[in-house]
Amino acid sequence: YIPSGFDVGFGDTASARLNGTRPDERILTVGRLGSYQKATEVLVEAFRRLGKTEWTLDLVGPATREFREWMADAVRDEPALGHRVALSGSITDREVLASKYRQSAIFCLPSRYGSFELVLLEAAFYGNIIVSTRCGVAADLLEGGLGLLVPKDDPLALSEALSEAIRNRTYWEQKSSLLKSRVREDFDWKRVASRVLNGLGIGLC
């Protein structure tokens, strides 16, 4: 199949500007918060199951009214969540979003389904440990154990995967380095376009 691609040129430029940024003890997700597809509530429940931890959860993207109400109820039930879970809203500036990735150690995609899920390539390129359901490009991207795959709609399994990534962070960060190389080699837009044009017998200038 012909995959989507990531703008490696922009990624390299953004990374150079962010050079020296150390990831915090932070789990990041990016998407339409509260939509059925993105299953954000499953991630929040998995995060709650981690128990007492210094790690935080950053939710980036537009949030539905229903999800905001659900989160307010969750915080009322467990006030500590209000200090550990952030709703950061939509981010359209690519450099600001790149900074979010670089400041986070783990990227989690709990989606029930998806087409390609470009956010996985972005997170992988910026060095995040990836924890994801089997949707979009996840299985191909993480082939060979370069990240953690979990079943859909399973907050317990997702929590266990997040716990594994936290507990063995150094090991999974080494995998993340290999994962970034995979994005560069297999998903760079220029390389993807070149393969398509070569298949059509057209050279890329």
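In this predicted model, helix α9 makes the greatest contribution to the lining of the largest pocket, supplying four residues. Helix α9 spans residues 169-186, and strand β4, at 104-109, likewise provides at least two residues of that lining. The pocket has a volume of about 220 Å³. Its lining comprises 13 residues, and those nearest the pocket centre are R22, P23, Y126, G127 and E173. Sorted by class, the lining contains six polar, four charged and three nonpolar residues.

Both α9 and β4 also appear among the elements that give two or more residues to the largest nonpolar core, together with α1 (8-17), β1 (24-30), α5 (94-102), α6 (118-125) and α7 (138-141). Helix α6 provides the largest share of this core, with six residues. The core has 31 residues, of which Y101, F107 and L141 touch the most other members. As a general background, nonpolar side chains in soluble globular proteins tend to be buried together.

The aromatic residues may be considered next. Eight aromatic pairs are found in a search of the whole structure. One of them joins Y101 and F107 in a tilted arrangement, with 5.9 Å from centre to centre and 50 degrees between the planes. Y101 and F107 are both buried. Ring pairs also link these two residues with F6, F125 and Y126 into a cluster. Y126 thus belongs to this cluster and is also one of the residues nearest the centre of the largest pocket.

Two aromatic rings have a charged group over them. K180 lies over the face of F125, 4.7 Å from the ring centre, and F125 is itself a member of the aromatic cluster. The charged end of R94 sits over the ring of F10, at 3.8 Å from the centre of that ring.

The backbone deserves attention at two positions. Most residues other than glycine have a negative phi. E117, however, has a positive phi near 70 degrees, and D153 has a positive phi near 55 degrees. E117 is in the loop that runs between β4 and α6, whereas D153 is placed in the loop between β6 (148-150) and α8 (155-167). Are these two residues buried or exposed? E117 has a relative accessible area of 8% and is therefore buried, the cut-off for burial being under 20%. D153 counts as partly exposed because its relative accessibility is 42%, a value to be judged against the range between 20% and 50%.

How values were computed: Residues numbered from 1 in each chain as written. Predicted model: local features only at pLDDT ≥ 70, side-chain atom pairs only at ≥ 80, totals over all residues. Heavy atoms only, no water. Phe/Tyr/Trp six-rings, centres within 6.5 Å; stacked < 30°, edge-to-face > 60°. Buried < 20%, exposed > 50% of the residue type's maximum accessible area, 1.4 Å probe, protein only. Lys NZ or Arg CZ within 6 Å of the ring centre and 35° of its normal. 1 Å grid on protein atoms, 1.4 Å probe; cavity = no way out; pocket = protein on both sides within 12 Å on 5 of 7 lines; lining within 4 Å. Points joined across faces, edges and corners; volume = space filled by probe spheres on them. Nonpolar A, V, L, I, M, F, W, Y, C, P; charged D, E, K, R; others polar. Core = buried A, V, L, I, M, F, W, Y, C linked by side-chain atoms within 4.5 Å.
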